[in-house]
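User: I've got this model open and I'd like to go through it with you. Can we start with the aromatic residues and work outwards from there?

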Amino acid sequence: MTRDLASIARVIGGTLIEGGPLGARSPVASVVPLADFAVVPHPDFATLVVGDPAEIASALDDSDRSTPLRHAVAVVTGGLDPIPDGVTAIIDPDMDAAVVLPTLQALLATDAAAEDRAVLAATKVLALAARRSGVAGVVAELARRLDGWAVLLDRDAQPIASAGAGALHIGDAVAVAFNRPVRVRSRALQVHPVGTDEDMSAFLVVTARSGSTSRARDLSSQAAALLDLLLRTHDGSRTERLGRATMMRVLEEGGSHALALAKEWGVRDRTLTAFTLSPRSSSVDAERVVIHWLQDLGAPHLVSAAHGVVTGFARDEHIDEIARRTAAFSVPLHLGLGSPAPIDALAGSAEEARRALDVAVAEVRPVVRYRGMPSIDLVLDRLAPSDTRRLAALLEPLRSEDLVDTLRGFLAENGAWGAASARLGIHRQTLAARVRRIEHLTDLSMSSADDRAAAWLALRASA
């Protein structure tokens, strides 16, 4: 219902009198002639009752007819004076009395048709979300369409999925779905059973912050039907997913078991490259996307997913194609790529991929290759163990005087005295004295970019 009383009054050129329980922003549900009016279907929505001044005045004088009419909105096709207390009315429209009712009927019918088209279009998007991401995708897309939140509860009042601010309102959702005597903070909650009374599978609880309440109800009903289908469909890939996760753990542990299992899985390559991928939107099932890519490439499904992040190993020849597809995907994705590594020693490549993904997410980049990162980690990983120990030993004189944290805070603020002193919670002069002491003990100058870089490398090497 996109029309409210104020907009109705403007369309017909009438004067809105706010005397009853409904105000100018109250949504309009229906319009009927006075002769057909009996009850108000819903007290929160306006029912327009159209009649001429004499008919409306007579109805308001009748004790039986007056009570329901005071909960509706009288649309008077002429003037009405006086307007009884407690009555909301639109009077004296700027059009012929004979066309007021058909004009309002046509107006609301047009709005209803627009609402139906909007619900149909949104339902198609929900179906696409179901294909991409299953139950979680449907709940997330529904919350986005409603500009609100959604919670899906199982029959034992346990949350299955939530979206929007739904995770913050689990208690409210349980209270309204299971009629529990708990004070509910959120208003205008809708409960939609998922399944039938005889075979209930879940409860969908939603709220919409804006837009049409009827559209929210219709769209949520469609979502509930779709969720019922998804919840009752056996997921045959669950066993395969568990097997792939076990496979990934063995590969990361490395050694002879990794080599043997890889051969049984059909992997004949000597080296593989690790990758990690995450979507920016929760409506995308990243694991399903990656498996589809690997199918196209004819590659084994060496992937597993946890907390929305997909980790996998691919042949070196397929990495560039995975990167290309990531960058071209319709929904923003982030991909971190490790370095090629022997199958019995893939843990390092997997860690590189995770670090590269962190950079991709932080810098909002689609693809980051670990070997292309100008990072401290890359430098340290390429140092011999003896060189790493020499770097860490640079800080030993500082430990006895408890100056390591001072150095870290100073360098973390890029040598900015004011920011560093605030970060460390000390006076600027105190910081200056400590930095002079650090320079004396380490024989490094904090005014030299090379020495600052060496000091930061030493801090990371000793971490």
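User: Is Trp 293 buried or exposed?
Analyst: Keep in mind that this is a predicted model. Trp 293 has a relative accessibility of 5%. The cut-off for buried is under 20%, so Trp 293 counts as buried.

User: And how are the rings of Trp 293 and Phe 329 arranged?
Analyst: They make up one of the three aromatic pairs in the structure. Their ring centres are 6.1 Å apart, with the planes at 75°. Planes over 60 degrees apart put a pair in one class, so this one is edge-to-face.

User: How many residues apart in sequence are the parts that this pair ties together?
Analyst: Trp 293 belongs to helix 9 (residues 286–297). Phe 329 sits in the loop between helix 10 (316–328) and strand 13, and at 22% relative accessibility it counts as partly exposed. The pair therefore ties together parts whose separation in sequence is 36 residues.

User: What about Phe 410 and Trp 417: which class does that pair fall into?
Analyst: Here the ring centres are 5.0 Å apart and the planes are at 55°. Stacked needs under 30 degrees and edge-to-face over 60, so the Phe 410 and Trp 417 pair is tilted.

User: Which of those, Phe 410 or Trp 417, is buried?
Analyst: Trp 417 has 31% relative accessibility, so it counts as partly exposed. Phe 410 comes in at 3%. The one that counts as buried is therefore Phe 410.

User: What sits over the ring of Phe 178?
Analyst: Look for a charged group 5.5 Å from the centre of that ring. It's the charged end of Arg 180.

User: Moving on to cavities, what is the volume of the largest cavity?
Analyst: A search of the whole structure turns up one cavity of 30 Å³ or more. Its lining includes Leu 272, Leu 294, Phe 313, Arg 315 and His 318. By class, the lining has seven nonpolar residues, one polar and one charged. As for volume, the largest cavity has about 40 Å³.

User: Where is the cis peptide bond that involves Pro 82?
Analyst: Pro 82 lies in the loop between strand 4 (73–76) and strand 5 (88–91). Omega is about 5° for the bond in question. The cis peptide bond joins Asp 81 and Pro 82.

User: His 307 caught my eye; what is its phi?
Analyst: His 307 is in the loop between strand 11 (303–306) and strand 12 (309–314). With a relative accessibility of 85%, it counts as exposed. Its phi is positive, in a residue other than glycine, with a value near 55°.

User: Then there's Asp 443: what is its phi?
Analyst: You'll find Asp 443 in the loop between helix 17 (428–442) and helix 18 (449–461). It counts as exposed at 69% relative accessibility. Although Asp 443 is not a glycine, its phi is positive, about 60°.

User: How far apart in space are Ala 136 and Ala 161?
Analyst: Ala 136 is part of helix 4 (residues 97–146), and at 42% relative accessibility it counts as partly exposed. The two alanines are 25 residues apart in sequence. From C-alpha to C-alpha, the distance is 5.8 Å.

User: Last one: which element has the lowest mean pLDDT?
Analyst: The protein averages a pLDDT of 83, and 89% of the residues score at least 70. Strand 13 (residues 333–337) has the highest mean among the elements, 95. The lowest mean, 64, belongs to helix 12 (residues 376–382).

Definitions and conventions:
Residues numbered from 1 in each chain as written. Predicted model: local features only at pLDDT ≥ 70, side-chain atom pairs only at ≥ 80, totals over all residues. Heavy atoms only, no water. 1 Å grid on protein atoms, 1.4 Å probe; cavity = no way out; pocket = protein on both sides within 12 Å on 5 of 7 lines; lining within 4 Å. Points joined across faces, edges and corners; volume = space filled by probe spheres on them. Nonpolar A, V, L, I, M, F, W, Y, C, P; charged D, E, K, R; others polar. pLDDT = per-residue confidence, 0-100. Helix = DSSP H or I, 4+ residues; strand = E, 2+ residues; numbered from the N terminus. Phe/Tyr/Trp six-rings, centres within 6.5 Å; stacked < 30°, edge-to-face > 60°. Buried < 20%, exposed > 50% of the residue type's maximum accessible area, 1.4 Å probe, protein only. Lys NZ or Arg CZ within 6 Å of the ring centre and 35° of its normal.
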